[in-house]
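Welcome! Here is a short briefing to read with the sequence and the structure side by side. Take your time and find each part as it comes up.

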Amino acid sequence: MIRRGRLLPALLALLALSTTGCARQEPATASASAVPQRLISLAPSVTETLFALGLGDRVVGVGDYTFWPAEAEKKPRVGGLIDPNLERIAALHPDLAVLLPSERDIGTKLAALGVATLIVPNESLADIEASFRTIAVRCGVPEAGEKLATQWHAALAPRVPAQGGPKPKVLLVVERPAGRLGDLYVAGPGTYLDELLVRLGGENVFADAPTLYPQASLEEVVARKPDLIFELRSDPPSEAARQALIADWQPLSAVPAVKNGRIRVIAGTFTLIPGPRLPELYRAMAAALAKPIP
């Protein structure tokens with residue numbers, strides 16, 4: 001069994017690759033006319049979407065980094081982006097694999113085995129919403145896709161504060177080792193995390209980064225002077241671990257977020273999964289922005 005602690009590096013690999021050639025939703029390969037009854041998914045976001053659409057009983061295999069919903073954890077594991085178990089996938093006799101653009105090579109191998117594929121981008125909020133409908137239509141449940149997309153869209157409606165004044169500048173940390181500030185990765189422009197922040201009236205301090213998830217130096221963090229720091233973690237820490245994460249930032253006392261005690265740890269299995277549970281992250285980000293300075 002894959003430990004939850006290994007989820008974040010795997011997600012970063014998917015996020016870094018997910019926009020390669022993904023300007024549009026791609027049609028299924030092979031026999032796209034038949035409604036699939038045996039589904040495979042590797043990415044946690046896709047698996048969560050399948051279950052949210054009521055298709056969980058058709059899912060016959062999931063990726064190693066799937067931990068939600070509980071029913072999905074009981075499904076056979078078939079590897080991930082780096083190490084898919086094609087032999088095991090074939091043994092499960094799927095008739096459709098729902099994949100991300102980063103998994104296109106896997107789709108090519110599955111097509112050679114007679115398995116149809118559907119590739120759905122999921123980096124931007126528009127991508128994610130469109131994927132609900134695309135998957136639902138392909139699986140013969142268009143009404144479920146429309147319902148999920150409509151409810152999800154409403155839950156992510158902009159919440160820009162009515163009052164004026166400068167926008168809070170926020171650093172969105174998506175990966176770093178606990179105990180030190182090295183190997184710091186942040187969310188840049190064009191990511192769903194950046195879009196959520198903008199909808200809440202915030203400003204991403206790395207909105208001008210050249211890549212989606214750049215590695216940031218401490219010098220850059222100091223120079224950009226974030227008012228808040230969001231530590232986004234896939235594994236909920238204990239209270240002691242939460243406080244330790246916050247304490248890691250104390251050497252950067254010149255940063256306004258550190259000086260004013262505005263470091264927020266937002267943690268949970270929903271935090272870095274661009275799928276149907278994003279409204280949970282949106283609410284958590286909104287609460288973190290609204291929390292007063294201690």
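Serine 41 has valine 98, in strand E3, as its bridge partner. Keep in mind that the model you are looking at is predicted. The points below begin with the sheet around E3, then turn to a loop residue, a helix pair, another group of strands and one more helix.

**The sheet with E1 to E4**

- Strand E1 (residues 39–41) and strand E3 (residues 96–99) run parallel and are joined by 3 bridges.
- Along this pair you can also find isoleucine 40, which stands opposite alanine 97 in E3.
- On to the next pairing: E3 and E4 are also parallel, with 3 bridges between them, and leucine 99 faces isoleucine 119 in E4.
- Put together, the strands form an open sheet of 4 with parallel pairing, in the order E2-E1-E3-E4.
- Why do E2 and E4 each have one side without a neighbour in the sheet? They stand at the edges and each has a single partner strand, so one side of each is left without a neighbour.
- Neighbouring strands here are turned against each other by 30° on average, direction ignored.
- In a regular strand, side chains alternate between the two faces of the sheet.
- You can follow this in E3: Leu96 and Val98 point one way, Ala97 and Leu99 point the other way, and all are buried.

**A loop residue: valine 62**

- Look for valine 62 in the loop that lies between strand E2 (59–61) and helix H3 (70–73).
- Is valine 62 buried or exposed? Its relative accessibility is 0%, so valine 62 counts as buried.
- Leaving out residues up to four places away in sequence, valine 62 touches Ser41, Thr47, Ala72, Lys75, Pro76, Arg77 and Val78.
- Lysine 74 is 12 residues from valine 62 along the chain, and their C-alpha atoms are 9.3 Å apart.

**A helix pair: H6 and H7**

- Two packed helices are described by the angle and the distance between their axes.
- For helix H6 (residues 125–138) and helix H7 (residues 142–155), the angle is about 160° and the axes are 6 Å apart.
- Angles over 145 degrees count as roughly antiparallel, and H6 and H7 are therefore roughly antiparallel to each other.
- The crossing of H6 past H7 is right-handed.
- H6 brings residues including Leu125, Ile128 and Phe132 to the contact, while those from H7 include Pro142, Leu148 and Trp152.
- The residues of this contact divide into 9 nonpolar, 3 polar and 3 charged.

**Strands around E9**

- How many of the residues of strand E9 (residues 228–233) are buried? The count is 6 of its 6 residues, and the strand is mostly covered.
- From E9, Leu228, Phe230 and Leu232 point one way, whereas Ile229, Glu231 and Arg233 point the other way.
- Strand E5 (residues 169–175) runs parallel to E9 and is joined to it by 4 bridges; here leucine 172 stands opposite phenylalanine 230.
- E9 is also joined to strand E10 (residues 263–267), again in parallel, by 5 bridges, and arginine 233 has alanine 267 of E10 as its bridge partner.

**Helix H8 and what follows**

- In helix H8 (residues 192–199), the buried residues are Tyr192, Leu193, Asp194, Leu196 and Leu197.
- Just after H8 comes glycine 201, with a positive phi of about 90°.

Note on methods:
Residues are numbered from 1 along each chain as its sequence is written. This is a predicted model: local features need pLDDT of at least 70, side-chain atom pairs count only at pLDDT 80 or more; totals for chains, interfaces and linings use all residues. Side-chain values use heavy atoms; hydrogens and water are left out. Axes are lines fitted to C-alpha atoms, for helices over the stretch in contact, and angles run from 0 to 180 degrees between N-to-C directions. Helices (H or I, at least four residues) and strands (E, at least two) are DSSP runs, numbered from the N terminus. Angles under 35 degrees count as roughly parallel, over 145 as roughly antiparallel, 65 to 115 as roughly perpendicular and the rest as oblique. A crossing is left-handed if the near helix is turned anticlockwise from the far one by less than a right angle, and right-handed if clockwise. Contact means heavy atoms within 4.5 Å. Ala, Val, Leu, Ile, Met, Phe, Trp, Tyr, Cys and Pro count as nonpolar, Asp, Glu, Lys and Arg as charged, and the others, Gly among them, as polar. Buried means under 20% relative accessible area, exposed over 50%, partly exposed in between (1.4 Å probe, protein chains only). Two strands pair if DSSP finds at least two bridges between them.
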